[in-house]
Amino acid sequence: MFFTVFAVLFLAFSVAGIVCALLSPERGVALSLGCFGGVASVAMGAVGVCALISDTPFEVRLWSVPTVGPLMLSVDKLSGLFLLVSAFVFLATSIYSVEYLQAYLKHFNLRTLSVCYFAIMLAVGLVLSAADALTFLVSWELMSLFGYALVNYQKRDEQSTRPGYLMLVMGEAGFVAVVLAFLVIGGRGPGNLLFSSLRLHSASLGWHARWAVFLLSFFGFGVKTGLAPFNRWLPQAHPIAPANVSAVLSGVLLNLGIYGIIRVNADLTPLATAGPGLVVLLVGAFSALMGIMYANRDNDMKAMLANSSIENMGIITTALGAGLVFMTFHQPLLAGIAWIAAFYQMTNHSVYKSLLFFGAGAIDRNSGTRLMDRLGGLSKHMPLLAALFLAGALSICALPPTNGFVSEWLTLQCLLQSSVLASRSVKVLFALAGAGLALTAGLAVTCFVKAYAMTFLGIPRSNQARQRARVRFPIRLAMGLGAVSCLLLGVLPTYVIPILGRVSELLTGVNAAAALVPPFFNGAPGHSRLPHSFLSDFHNLGAQVGQNLLPAPGLVVLHRGHAQNPVVFAMSTSYMLPVLILLASTLFLAVRFVLARRSKTVRKPVWAGGLASLFPELTYTATGFSSPVRVTFNAVFHPQMSEERLELIAGHFRNSITRVVGEVHVFDRVLFQPLVNRASHIARTLSRMHHGRLNAYSAYVLGTLFVVLLLSRTQVEEHVVLSPALILIVALILDRLL
Amino acid sequence: MSRWVISGLRQGVVTTCYPTRMETAKGTSPGLPARLTPMADEFGQELVDVCPTGAIHFERGEARVDYGRCIHCFRCSRSARYVLEWESGFEWARFASDGSNFVKGAASWPKAFRKSMHIRVVDAGDCGACLNEVKQLNNPYYNMHRLGFFITPTPRKADILLVVGPVNDHTRLPLQAAYDAMPTPKLVMAVGACALSGGVFGPSFVTGTGVKDVLPVDIEVPGSPPPPLAILHGLLVAAGRKPPMPGQDGR
Ligand code: SF4
């Protein structure tokens, strides 16, 4: 009932938004986008909440198409979660756009942007609620196309449209793979394309077909998610897109790839062997590591954030892969925990990445540059923006008690749970993935220390950074929404995990949330895995503080393995926050009133190396800060310097030396360039066939006929095959002789 | 790599035995002429003339060498009829004659540096010789880290300011800025004849008579350049771990 109301509201407001964008005067477009977009996304979120709460999926039967069968929409808990997360990003983006788009008013057509924005909102809604392959694929394609239109919105010249074009091309390649995957699932199949019938049918697939489905769909969705090595488009697309589009791209569209992977590989054709799950796991960890390395290298804020999106998607995919492996080893509880971690990380990423993109956009708009080497000192005239950006940066660094900490902690913990698995090689791979993620987490801190410090602290490094600007209310509201959500998702994990647990329960059949959030508050003794004595030990530690104040089973996230694997992992950011505040304030007071009394504080100007005052060239740059990372991972970045000397006088005196440092992305260098070289080599070889002699061409025709007949030999008589072969041979001989 | 370890082990410890024992190896110090030598007037006057920096004064039948100006040019031990005795030690550091509050006794000598001291080196227009000797303190032979002395890149973390050079016009303000930027308590050590008195450069149109024109100096290390061991002695004196040169404590 409510569901229908909200769904209709969503539809109505999105369409109204399009109409309003077309009819309202140019100046009002941004406002109408904000209002209608905001309401529509609230409705979208409400649909998601309804789906998460209800036990049965909401289904809407659309019309029936001849030869394809009935089309259907259905919103289950999995779709519900993705809808809710997307709705949050759309809501914040709509608010943000009201102010952000003012800068585009004179130079660009806001109507196009607005229409595409609502269209992509509808397309996302449709992708997430599609319950048959046709609707899914069509809406997926729509989403890709509108995504392309939005990213390429500020097209100025050939150079700036290339990345968008690359995004489109790679997305389309992925789309073809997804189509093929669906063809394999429903190939000889059920006669219609409904997910429900595909689900039934997929049980009969052989292992070849399963691997094909997995590889095709993982590639197809992985391209959209930005998994290595098919993510070259992402760091290029973000810098050319407007900031609000970047937020949607990172916060919503990348998630849809994750949705696709889960929908196909955990729901439609659940994996039967551990192999595919391990591929997911390792590709995820690899993406995370590569993403964060390049994020460390990039000094363009948006390229850096894009690479960090790749990192986060990698972490999500790693947790996802762990879940898939646990499922094939019949450990639904651990799989559930892994998926909770994946969903948690996904939610967090959408929240903080949109927040950070908003911040980058505001800085870009005010200073006209996104290069950290040219920014600096912004916290002096944008203190609120700095604080909000800091909240996002702390969360993405996974520092407790923020939300990033909870999800990354859960991910690493569930990777450690691989000790229950029987296979030793699988354990080793889990350990590798865990080590990769640990390194990633460390590098993420470096990366965002750099991002925050170089942008907001120190002194301005250029005149652009010196410009004063006000950050207006909509931007502050949108970013504040993100920052508050980061904090809430961080300190109240025991409220979030049960919701995510409902989603993973849909896929695993086991309620993993119950195993993560023990009932410390109501102390129900009937918990098989947690005997009363065990719980009361934690009571002595204070796990029941807040018992009568908060409606929750407890504030501690705790998991205890079973008899063979009695590993306990426990954490409580909810208690950590007050303790941290207490410690910090005690320290502050101690320093301020006890230690400071004994020594005198003297204020002196900043040490500028003996010069009269500090100037920007003396301070640390972003490039300098990331230098240790570049040097350590030199093998990955592999920078090459070419030197050109101009020696005019007597060949001894140099007039000029030009040094160019070139860097080719590791995937281009190792994978794509050799592939392209190989392909063009083959093409060159083949082009020798095109010499323009007629007899040869007729020989090719005959040869083709021969091969075709040979391939379909089973149905054809022998002599039918042989006769063209004879003609071919005769023709070739004639060709030689003539 | 492994060869490096093995050859290092085979080599053994090469670091000087100073300050536990006196270093007696050849070539570690150029030495200085004897400070006080009684002699006849005519010889004394000749010595005063022979000294290129005016380090020798002749009063009341005694030739007195001002170590703050001496550049160990050996003229007084070779190119005169009555030569001065040559002393080979290196523990020359002394408290500055009209030095800081610490030296005058107006404030008690900082005890915090006994175990460890961070040094900010400032080149106040030196010719490179003293700076080169300071640099040697970091090498394995002198290895001042074993004694808890460290060079810092910023005066913010420094305990002692080590100044080399006669302080010319262009380095005066940076030198003052570096001193200002240091947290208290702080010491100043002037190293080399130029830093002590202007040396061969000063006083002249670009330099004054050394660091004491600009900053309150605590420790002076004579020599031009002083050998690393003399600088080490200066640091130990500053840290309160060694007594200054006898008869030269300036107080
Ligand atoms: S060594 Fe040279 S500078 Fe020193 S006192 Fe003798 S003559 Fe003068």
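**View 1. Polar contacts between chain A and chain B.** In this predicted model, two residue pairs are in polar contact between chain A and chain B, both at pLDDT 80 or more. Sorted by class, the side of chain A that touches chain B has three nonpolar residues, one polar residue and one charged residue. If you are looking for salt bridges here, the rule finds zero across the interface of chain A and chain B.

**View 2. Who touches whom at the interface.** Five residues of chain A meet 10 residues of chain B in contact. The area buried between the two chains, A and B, comes to about 540 Å², and carbon and sulfur atoms give 58% of it. Take a look at Lys604(A), Trp607(A) and Gly610(A): together they supply 92% of the area that chain A buries against chain B, more than any other three residues.

**View 3. Around the ligand.** Here we move to the ligand, with 14 residues surrounding it. The closest are Cys51(B), Cys70(B), Ile71(B), Cys73(B) and Cys76(B). By class, the shell around the ligand is made up of 11 nonpolar, two polar and one charged residues.

**View 4. The ligand's cavity.** Which cavity does the ligand take up? The space taken by the ligand is the largest cavity.

Technical notes. Residues numbered from 1 in each chain as written. Chains lettered and ligands numbered in written order. Predicted model: local features only at pLDDT ≥ 70, side-chain atom pairs only at ≥ 80, totals over all residues. Heavy atoms only, no water. Near = heavy atom within 4 Å. 1 Å grid on protein atoms, 1.4 Å probe; cavity = no way out; pocket = protein on both sides within 12 Å on 5 of 7 lines; lining within 4 Å. Sits in = over half its atoms within 2 Å of the grid points. Nonpolar A, V, L, I, M, F, W, Y, C, P; charged D, E, K, R; others polar. Contact = heavy atoms within 4.5 Å. Buried area = accessible area lost by both parts, 1.4 Å probe. Salt bridge = Lys/Arg side-chain N within 4 Å of Asp/Glu carboxyl O. Polar contact = N/O pair within 3.5 Å; in protein donor to acceptor, adjacent residues only side chain to side chain.
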